[in-house]
Amino acid sequence: MKKVFILLISCLLLVGCSDKKEKDKKHKHKEHDKKEDDIAIVDVAILVNSIETSTSQNVIISGITDTILSQNTSETSANVDIVAVDNSNAFSVEESIRDLFTNGNVPEVIICLDELSTTCVYQAVIDYNVVGKVNILGYYRSDIICNAIDREVINSTISVDTNQL
């Protein structure tokens, strides 16, 4: 499972970095020749359940963060933000994700750790007209999520095969 996370996160970072480099080239001033300007910085948000009390979520977050940061190179770098999402009810999740999109700095990659967050981010990406600008790594397998993958709104999803365990 860790290999799958590494592969998916690496792919998302590469997609985000190539998009970011193109944007940076358009906005870069000709006077700046610093090496820092050549580094593509990808903003990554990991959506976490704010009321989760078990340590399993912390272990997953730590693994994802370590994997992302290990992919940093001289040309690419990732800023990882942990975003607490109020999972007390569906409306609270939607409200937390709406705040992520309305604060003005929408991340290039959003990693969801549950089904509800995945479907809410999918809907928010459509509502705020940022399809193709935000890469979503979802969680769980449902008809809605599979349709979103077919429509190329969600890049991929992780689901646990309990029979394989």
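The following exchange between a colleague and a modeller goes through a predicted model of a protein chain.

Colleague: In what order do the helices and strands of the protein chain run from the N terminus on?

Modeller: The protein chain holds five helices and five strands, and buried residues make up 38% of its 165 residues. Read from the N terminus on, the order of the elements is α-β-α-β-α-β-α-β-α-β.

Colleague: Among contacts between residues at least 6 apart in sequence, what percentage join residues at least 24 apart?

Modeller: A contact here is a pair of residues with heavy atoms within 4.5 Å, and the count takes in contacts between residues at least 6 apart in sequence. Of these contacts in the protein chain, the share that joins residues at least 24 apart is 66%.

Colleague: Is strand E4 largely enclosed by the rest of the structure or open, and how many of its residues are buried?

Modeller: Strand E4 covers residues 135–139, and a residue is called buried when its relative accessible area is under 20%. The strand is largely enclosed by the rest of the structure, because the buried residues in E4 number four of the five.

Colleague: Which residues are the bridge partners of Leu137, in E3 and in E5?

Modeller: Strand E3 (residues 109–112) runs parallel to E4 and is joined to it by three bridges, while E4 is also joined by three bridges to strand E5 (residues 156–158), again in a parallel arrangement. Leu137 belongs to E4 and pairs on the E3 side with Ile111. On the E5 side, the bridge partner of Leu137 is Ser156.

Colleague: Through which helix does the chain cross from E4 to E5, and which hand does this crossover have?

Modeller: An earlier unit of the β-α-β kind is made by E3, helix H4 (residues 115–127) and E4, and that unit is right-handed. From E4 the chain then passes to E5 through helix H5 (residues 143–150), in a β-α-β crossover that is right-handed.

Colleague: Which three residues are linked in a network of salt bridges?

Modeller: The structure holds two salt bridges. In one, the closest N and O atoms of Arg98 and Glu95 are 2.7 Å apart, and in the other, those of Asp99 and Arg98 are 3.3 Å apart. The residues linked in this network are Glu95, Arg98 and Asp99.

Colleague: Why are Arg98 and Glu95 separated by about one helical turn, and is Arg98 buried, partly exposed or exposed?

Modeller: An α-helix has 3.6 residues a turn, so residues three or four places apart point the same way. Arg98 and Glu95 are three residues apart in helix H3 (residues 90–102), which means that about one helical turn separates them. Glu95 has 30% relative accessibility and counts as partly exposed, as does Asp99 at 37%. Arg98, at 32% relative accessibility, is likewise partly exposed.

Colleague: Against which elements do the buried residues of H3 pack?

Modeller: The buried residues in H3 are Ser92, Val93, Ser96, Ile97, Leu100 and Phe101. The elements against which they pack are strand E1 (40–49), strand E2 (76–85), E3 and H4.

Colleague: How far apart are the end C-alpha atoms of H3, and which residue with a positive phi follows the helix?

Modeller: At the start of H3, a side-chain oxygen of Asn89 comes to within 3.1 Å of the backbone nitrogen of Phe91. With 13 residues at 1.5 Å a residue, H3 should span 18 Å, and this agrees with its end C-alpha atoms, which are 18 Å apart. The residue that follows H3, with a positive phi near 95 degrees, is Gly104.

Colleague: With the side chain of which residue does the side chain of Asp43 make a polar contact?

Modeller: Asp43 is in strand E1 and is buried, with a relative accessible area of 14%. Not counting residues up to four places away in sequence, Asp43 touches Asn79, Asn105, Pro107, Glu108 and Val109. The side-chain partner in the polar contact, at 3.4 Å, is Asn79.

Colleague: In which loop does Tyr140 lie, and what is its phi?

Modeller: Asn129, in the loop between H4 and E4, is not a glycine and yet has a positive phi of about 55 degrees; Asn129 is exposed, with a relative accessible area of 61%. Tyr140 counts as partly exposed at 39% relative accessibility and lies in the loop between E4 and H5. Although Tyr140 is not a glycine, its phi is positive, at about 90 degrees.

Note on methods:
Residues numbered from 1 in each chain as written. Predicted model: local features only at pLDDT ≥ 70, side-chain atom pairs only at ≥ 80, totals over all residues. Heavy atoms only, no water. Salt bridge = Lys/Arg side-chain N within 4 Å of Asp/Glu carboxyl O. Helix = DSSP H or I, 4+ residues; strand = E, 2+ residues; numbered from the N terminus. Buried < 20%, exposed > 50% of the residue type's maximum accessible area, 1.4 Å probe, protein only. Pairing = 2+ DSSP bridges. Right-handed = clockwise from strand over helix to strand, strands pointing away. Expected span 1.5 Å × (residues − 1). Polar contact = N/O pair within 3.5 Å; in protein donor to acceptor, adjacent residues only side chain to side chain.
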